[in-house]
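I opened my notebook for a friendly look through this model. Here is what I looked up, entry by entry.

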Amino acid sequence: MRTLLLAALLISNAVAAPISLQHQARLIDAAGGPLNGEHTIVLSLWTDSDDTESRAQLWSATYPTNVADGYIGLVLDQSDGGDSVDSEWFSGDVWLQTAVDDVALVPRSPILDVPGTSLGVASVSVVRPNTPAPGQLWFDRETGGLEVFVDGDWTAVARNASIPASCAQARQNGQTSSGVYTLDPDGSGPGTNVSAYCDMTTAGGGWTRVFVANQNNYSSSSLPYIAGLSGSLIADSTEMMMAYTNPVNGSLANAWYFPTPQNVSSTTPMAVGQCSYYTNSFTRVADNSTSTRTLRMGWGSFGASCDQGCTSTWGQVCLKQSTSQGTPDGFSDFPQFATFAVGTSDHCSASNQDYRTTSCADSRRFTILVR
Ligand SMILES: [Ca+2]
Ligand SMILES: [Ca+2]
């Protein structure tokens with residue numbers, strides 16, 4: 001059986017359109033020598049990596065090819081008189097099969113989606129190279145995983161590179177519109193894809209919404225993150241933002257951000273304990289002002305102001321002027337989300353106000369985002 005070294009140049013578009021894919025490869029026989037002379041090469045595109053599932057073949061074309069020193073350069077489009085290649089196929093997994101003289105090379109090669117109109121150069125090997133070059137890709141047929149050689153080590157690549165792990169990654173990929181995105185928080189790991197709202201404009205964008213109140217009267221000391229968005233997505237983030245939002249249009253009020261606390265990756269700030277305190281640098285989005293303050297979190301009781309007591313079960317997240325604990329000194333317009341742990345209506349005031357000043361409402365819901 002031949003082994004196959006691929007160097008594929010791929011172009012994709014954001015909208016459905018006929019496209020051309022340039023495919024370059026080097027064909028090597030079992031003894032390691034390059035193929036030469038006339039060979040019939042069949043390229044086909046599939047929605048699955050092998051025939052164990054009866055997935056559809058998307059496209060196929062036959063190329064009588066004069067191979068020189070193993071190198072081939074073929075274009076996948078309708079120029080062979082067949083069907084055109086549709087850019088829309090590449091919103092999902094697409095696999096390329098190469099057959100030489102009626103022998104299909106296995107496994108099929110995953111095609112990487114390259115956002116926008118940029119070119120991606122991928123050199124994919126089906127054996128793990130002993131002396132890889134930076135950027136070299138290796139497909140492990142046993143695990144179905146794809147790895148890239150970066151900084152002297154192999155790193156797993158997402159199975160479908162078009163699905164970002166976070167809104168921050170989507171933003172880095174050039175996405176600038178706020179809205180609901182499909183994320184795969186653990187990449188090639190077993191975790192499934194999840195829909196999440198991304199704020200792509202506030203303070204540079206790239207924010208994944210991990211909590212938003214979906215009612216105006218919680219009575220719980222264990223409010224969770226949105227399903228599928230806790231854990232590594234938060235632990236791997238560097239910043240957390242708290243604000244009030246209108247969930248319909250994503251607009252934010254009272255928005256502040258700060259370095260992500262370590263103890264709230266799986267447990268929300270509302271459920272982190274009866275009272276929990278976190279001191280760091282807090283940035284106010286409205287004027288980009290920064291100062292060192294203390295965040296009070298948890299489901300403990302309180303008086304009229306931020307952090308006046310820590311017994312019983314009431315629930316209060318708010319920002320303090322000082323680092324002292326249990327003294328009422330709410331700071332500025334940071335959200336004061338309160339009474340979520342008892343049966344009275346929840347309150348969405350500012351940290352320097354009496355907690356009863358402003359009730360939560362459908363257009364004013366407490367939210368947490370990370371990036
Ligand atoms: Ca996954
Ligand atoms: Ca309540």
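**Entry: a tyrosine in a strand.** I began with Tyr278, which sits in strand E20. This is a predicted model, so I read every value as computed from it. Is Tyr278 buried or exposed? I found 21 other C-beta atoms within 10 Å of Tyr278; the cut-off for buried is 20 or more, so Tyr278 is buried.

Next I asked which residues Tyr278 touches, leaving out those up to four places away in sequence. My list reads Pro261, Thr294, Leu295 and Met297. I also checked Tyr278 against Leu319: they are 41 residues apart in sequence, and their C-alpha atoms are 9.4 Å apart in space.

**Entry: the loop after E20.** Strand E20 covers 276-284 and strand E21 covers 289-297, and I found Asn288 in the loop between them. Asn288 is not a glycine, yet it has a positive phi of about 60 degrees. I noted this because most residues other than glycine have a negative phi. Is Asn288 buried or exposed? It has 8 other C-beta atoms within 10 Å, and exposed means 12 or fewer, so Asn288 is exposed.

**Entry: the loop after E21.** Here I looked up Asp307, whose place is between E21 and strand E22 (316-320). Asp307 also is not a glycine and has a positive phi, of about 70 degrees. What I wanted to know was whether Asp307 is buried or exposed. With 28 other C-beta atoms within 10 Å, Asp307 is over the cut-off of 20, so it counts as buried. My side note: Asn288 is exposed, whereas Asp307 is buried.

**Entry: the cores.** How many residues does the largest nonpolar core have? I read 57. The residues with the most contacts inside this core are Cys167, Ala196, Cys198, Val210, Met241, Trp256 and Val370. I picked Val210 and looked up its contacts, again without its neighbours within four places in sequence. Val210 is in contact with Tyr225, Ile226, Leu229, Leu233, Ile234, Ile368, Leu369 and Val370. Apart from the largest core lies another one, of 18 residues, including Leu35, Leu45, Trp46 and Phe90.

**Entry: the whole chain.** I closed with the overall picture. The protein has two helices and 25 strands. It has 371 residues, and 37% of them count as buried. Of the contacts between residues at least 6 apart in sequence, 52% join residues at least 24 apart.

Notes
Residues numbered from 1 in each chain as written. Chains lettered and ligands numbered in written order. Predicted model: local features only at pLDDT ≥ 70, side-chain atom pairs only at ≥ 80, totals over all residues. Helix = DSSP H or I, 4+ residues; strand = E, 2+ residues; numbered from the N terminus. Contact = placed C-beta atoms within 7 Å. Core = buried A, V, L, I, M, F, W, Y, C linked by C-beta atoms within 7 Å.
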